[in-house]
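Welcome! Please take a moment to turn the model around on your screen before reading on. The short tour below goes through it part by part.

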Amino acid sequence: MITLNLFELRKSRGITQSYLAEVIGVSFQTISKWETGMAVPDVKYVIALAKFFGVTTDQILGLQPIKNDYFSRRTETAEYWKDKLHYIHNSRFELWNLDYMEFLVRKVWKIEQKVDVLDLGCGNGYLAGLIMPFLTEGSTYTGIDISEVMIQEAKSIYADAKFPVKFLCKDAYDHQETEQYDMVICQAFLRELSKPKEALKNMVDSLKTGGLIVCIEVDRELDNAGTYIEGMDYASMLMTEIQRKYWTTELEKKDRDYAVGIRLPFLLKDLGIRDIEVRMQDKVKFADPRNEDEYNRLQAAYVQEKGWKEDNTEGDRIAVEVLTNRGLTREEAEQLTQNWGQMKEKIMKEKKAFLKTTGFLITFGRKR
Ligand SMILES: C[S@@+](CC[C@H](N)C(=O)[O-])C[C@H]1O[C@@H](n2cnc3c(N)ncnc32)[C@H](O)[C@@H]1O
């Protein structure tokens, strides 16, 4: 199927299908068919469209992207997160094995005294619920996040918390405190930043001497490799080579670091942290359709993480636009979205069993 760039061009000029139809000399239904891929224009119309929009015929045909300038989704701003609560709700289902966090607190980090904890990019306070129950009475938790929406929800969730808790709406880049906390943590936060090292430095500065820093962050290569859906071919469904192109473009453009998890020990070393160790989060979700309720929740979590919708024509169009903007050819972008479509079909319609790791690396060390 050929997907023309017609819709994007028409929208960017703010003109209606009827207006374009009149200029080109066809019916507006024809324009609609061209935009949805139900029909392809004759060469004379492709040329007419290219002239009208002042672009090349390849750009009309979708063989070249229209926008050449890289655009960032600006995941380090409050604007991006203002409507992402549903994402947090669904994607946090069964994210951790509680016993593993207990093991880390008691056996690995050996926290026995009460501690003051700071969580940067805390979202709705997920880590507070995960860690605080295992800490000694008298321990406190402070969460900081740029998004007012997240902070409001965090405040309501923890209104009756059994431990002293404080949530502040603040940009982590501006958070400058010195030696206040015994433990500074973050999860799935540094991966959203263009300058993770700056935020990390603020985390280190906030830590008391002898204090513990813990960063739980993704590595997309691990995350991607740790996925399997029943009935699909493991090697070909991953499309790692193609995906790596857009991950690395985001990195080159200093937008986001897809592998910040794997780089963290090195960043912490540069910031003077000692006794650095790395563990892997041990949760592997196996969704078995015979357990219907659990399957449905794991399915919702996965669908949310991928951003899939039931009817995704519009979503696919946007995905292709984003992917071509991040260095994929049109063919690769379409191949990848089709592949995601197949995965979605297997999970949402056919309800196939699937397996998913988190790809989280847990890097920790002490300030000496
Ligand atoms: C993927 S969520 C993770 C939330 C939480 N740590 C968790 O694991 O559930 C990323 C969070 O980082 C926050 N964030 C992004 N940029 C930020 C910044 N510059 N300063 C503070 N928080 C930021 C977002 O608002 C969002 O809540």
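## A word on pairing

Two strands count as paired here if DSSP finds at least two bridges between them. In general, strands of a sheet pair through backbone hydrogen bonds, and they do so either parallel or antiparallel. Keep in mind that what you are looking at is a predicted model.

## An open sheet of three strands

Let us begin with a sheet that has three strands, in the order β6-β9-β8. The sheet is open, and its pairing is antiparallel. At its edges sit β6, residues 227–229, and β8, residues 284–287, and each of these pairs on one side only. On average, neighbouring strands in this sheet are turned by 10° against each other, with direction ignored.

You can follow the pairing residue by residue. β8 and β9, the latter covering residues 354–357, are antiparallel and joined by four bridges. Here Lys285 has Lys356 in β9 as its bridge partner, and Val284 stands opposite Thr357 in β9. With β6, strand β9 shares three bridges, again running antiparallel; in this pairing, Ile229 stands opposite Phe354.

## Two faces of β9

Which side chains of β9 are buried, and which are not? The side chains alternate along the strand. Phe354 and Lys356 point to one face and are buried, whereas Leu355 and Thr357 point to the other and are not.

## Parallel strands and their crossovers

Next, have a look at β1, β2 and β3. β1 (residues 116–120) pairs with β2 in the parallel sense over five bridges, and Leu118 stands opposite Thr142 in β2. β2 also pairs with β3 (residues 165–169), once more in the parallel sense and over five bridges; here Tyr141 has Val165 in β3 as its bridge partner. From β2 the chain crosses through helix α10, residues 148–157, to reach β3, and this β-α-β crossover is right-handed. A right-handed β-α-β unit is also made by β1, helix α9 (residues 126–131) and β2.

How covered is β2? The strand spans residues 140–145 and is mostly covered, with five of its six residues buried.

## A closer look at Lys166

Lys166 lies in strand β3. Is this residue buried, exposed or something in between? A residue is called partly exposed when its count of other C-beta atoms within 10 Å falls between the exposed limit of 12 or fewer and the buried limit of 20 or more. Lys166 is partly exposed because it has 13 other C-beta atoms within 10 Å. Lys166 and Lys110 are 56 residues apart in sequence, and their C-alpha atoms are 24 Å apart in space.

## Around the ligand

How many residues surround the ligand? There are 20 of them, and the closest are Gly121, Gly123, Tyr126, Ile146 and Ala172. Sorted by class, this shell holds 11 nonpolar, four polar and five charged residues.

## The division into domains

Finally, step back to the whole protein chain. It is divided into domain 1, residues 6–61, and domain 2, which comprises 78–218 + 258–283 + 358–367. Between the C-alpha centres of domain 1 and domain 2 there are 50 Å.

Notes: Residues are numbered from 1 along each chain as its sequence is written. This is a predicted model: local features need pLDDT of at least 70, side-chain atom pairs count only at pLDDT 80 or more; totals for chains, interfaces and linings use all residues. Axes are lines fitted to C-alpha atoms, for helices over the stretch in contact, and angles run from 0 to 180 degrees between N-to-C directions. Domain bounds come from an automatic or database domain assignment. A crossover is right-handed if, with the strands pointing away from the viewer, the path from the first strand over the helix to the second runs clockwise. A residue is near a molecule or strand if its C-beta atom, placed from the backbone, lies within 6 Å of it. Ala, Val, Leu, Ile, Met, Phe, Trp, Tyr, Cys and Pro count as nonpolar, Asp, Glu, Lys and Arg as charged, and the others, Gly among them, as polar.
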